[in-house]
Amino acid sequence: MFDVLISEVGPRDGLQSVKRTMSTPDKQRWIDALVAAGIQEIEVGSFVSPKLLPQMADTAQIVRHALQYPGLTVMALVPNARGAQMAIDAGVHKVTLPVSASEAHSMANVRKTRQEMLEEIAKIAQLRDQQAPHIKIEAGISTAFGCTIQGEVTEDDVVWLAQAAIAAGADESGLSDTTGMANPAQVKRLFNKVRAVIGDKTGAAHMHNTRGLGLANCLAAYDAGVRTFDASLAGLGGCPYAPGASGNVVTEDLTFMFEAMGLSTGINLQALIEARKPLTEALPGEPLYGMTPEAGLPKGFIAATSLGGQR
Ligand code: ZN
């Protein structure tokens, strides 16, 4: 195990807000490059209606491609039990279900109430138990730090939902700043509150960089005991139902931050920066973000992972 796990969500969260549909071979090349850089977990796509998101029509194929890599955790987003069944059939290791803390966002995003999403988790847990008990179920509590439609989301609502998701059968509940509204004090406080209730079942911090606070928010989550962080190569991403929300935290910058702090990620930064190449080639004209790739690594930089950071 490394000190922190960086879960790459670009092929799902990143691509869902990109207009141009990335071809299957291009997605495969991108995943190959991510794996070559040492990425250990990838959210490779979502099992949603291809009519709603044509970008994700080939997710089963992408899952099968990613499964060739031993040691790689292959994840997919599923909005409901129907999607979970497709994910199970494709052979994923882990599914993540967006459960919105904001009722308004939940209706807009998955056209279900929060209570209906909890029922969906119970159905998915049943499918998993019957067909593929090794599969992990994550509830990603979205709009946990604020909602562009509803405005404020109360912390009590978030803690209640994180706990209710576990009670319904999820293995972990993570917190997502879907709309890029979080600040570090809030992130630390809310993760502490959630951990106080569900302990080690607390999942990933999923931060967006909408207002430039992505890294600060990840560090605040780290301080609250979080060790899994979602990020997107080149900061690709957003949410089609959260106007103005753009860009996940940049994988390259997040990796640099942790490695520079002496915390191993298992990722080779130089190879990670090179993993932008298939992205540039496949999506010409798409803005790519990231300060570390622009500046390069500092002279004499020694990454924690290169010091045999594996503990
Ligand atoms: Zn996101």
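Mentor: Before we start, one term: contact here means heavy atoms within 4.5 Å. Also keep in mind that this is a predicted model.

Trainee: Got it. Let's use that term on Ser 173, then. Leaving aside its neighbours within four places in sequence, which residues is Ser 173 in contact with?

Mentor: With those neighbours set aside, Ser 173 is in contact with Ala 139, Ile 141, Ala 162, Ala 165, Ile 166, Ile 198, Lys 201, Thr 202 and Gly 203.

Trainee: And where does Ser 173 lie?

Mentor: You'll find Ser 173 in strand 6, which covers residues 172–176.

Trainee: Is Ser 173 buried or exposed?

Mentor: Ser 173 is buried, because its relative accessible area is 0%, and buried means under 20%.

Trainee: What lies 2.9 Å from a polar atom of its side chain, I mean that of Ser 173?

Mentor: That would be the backbone oxygen of Ala 162. Ala 162 is also one of the residues in contact with Ser 173.

Trainee: Nice. Switching to the metal: which residues coordinate the zinc ion?

Mentor: Asp 13 does, through OD, along with His 206 and His 208, each through NE2. The distances run from 2.0 to 2.1 Å.

Trainee: How are the donor residues spaced in sequence?

Mentor: The pattern for the zinc ion is D-x192-H-x1-H.

Trainee: What about the two histidines? Is His 206 buried or exposed?

Mentor: His 206 has a relative accessible area of 6%, so it counts as buried. His 208 is buried as well, because its relative accessibility is 2%.

Trainee: Let's move on to pockets. How much space lies in the largest pocket?

Mentor: About 860 Å³. Its lining is made up of 46 residues, and those nearest the centre of the largest pocket are Val 48, Leu 77, Pro 79, Pro 98 and Val 110.

Trainee: Which element gives the largest share of that lining?

Mentor: Helix 5, residues 103–110, with four residues in the lining of the largest pocket.

Trainee: How do the lining residues of the largest pocket divide?

Mentor: There are 19 nonpolar, 18 polar and nine charged residues.

Trainee: And the second largest pocket, what volume does it have?

Mentor: The second largest pocket has about 340 Å³, and 16 residues line it. Leu 5, Lys 94, Glu 172, Thr 202 and Thr 228 lie nearest its centre.

Trainee: Which strand gives the most to the lining of the second largest pocket?

Mentor: Strand 7, residues 202–206, with three residues. By class, the lining of the second largest pocket has seven charged, six polar and three nonpolar residues.

Definitions and conventions
Residues numbered from 1 in each chain as written. Predicted model: local features only at pLDDT ≥ 70, side-chain atom pairs only at ≥ 80, totals over all residues. Heavy atoms only, no water. Donors = N, O, S within 2.8 Å, 3.2 Å for Na, K, Ca; no water. Buried < 20%, exposed > 50% of the residue type's maximum accessible area, 1.4 Å probe, protein only. Helix = DSSP H or I, 4+ residues; strand = E, 2+ residues; numbered from the N terminus. Polar contact = N/O pair within 3.5 Å; in protein donor to acceptor, adjacent residues only side chain to side chain. 1 Å grid on protein atoms, 1.4 Å probe; cavity = no way out; pocket = protein on both sides within 12 Å on 5 of 7 lines; lining within 4 Å. Points joined across faces, edges and corners; volume = space filled by probe spheres on them. Nonpolar A, V, L, I, M, F, W, Y, C, P; charged D, E, K, R; others polar.
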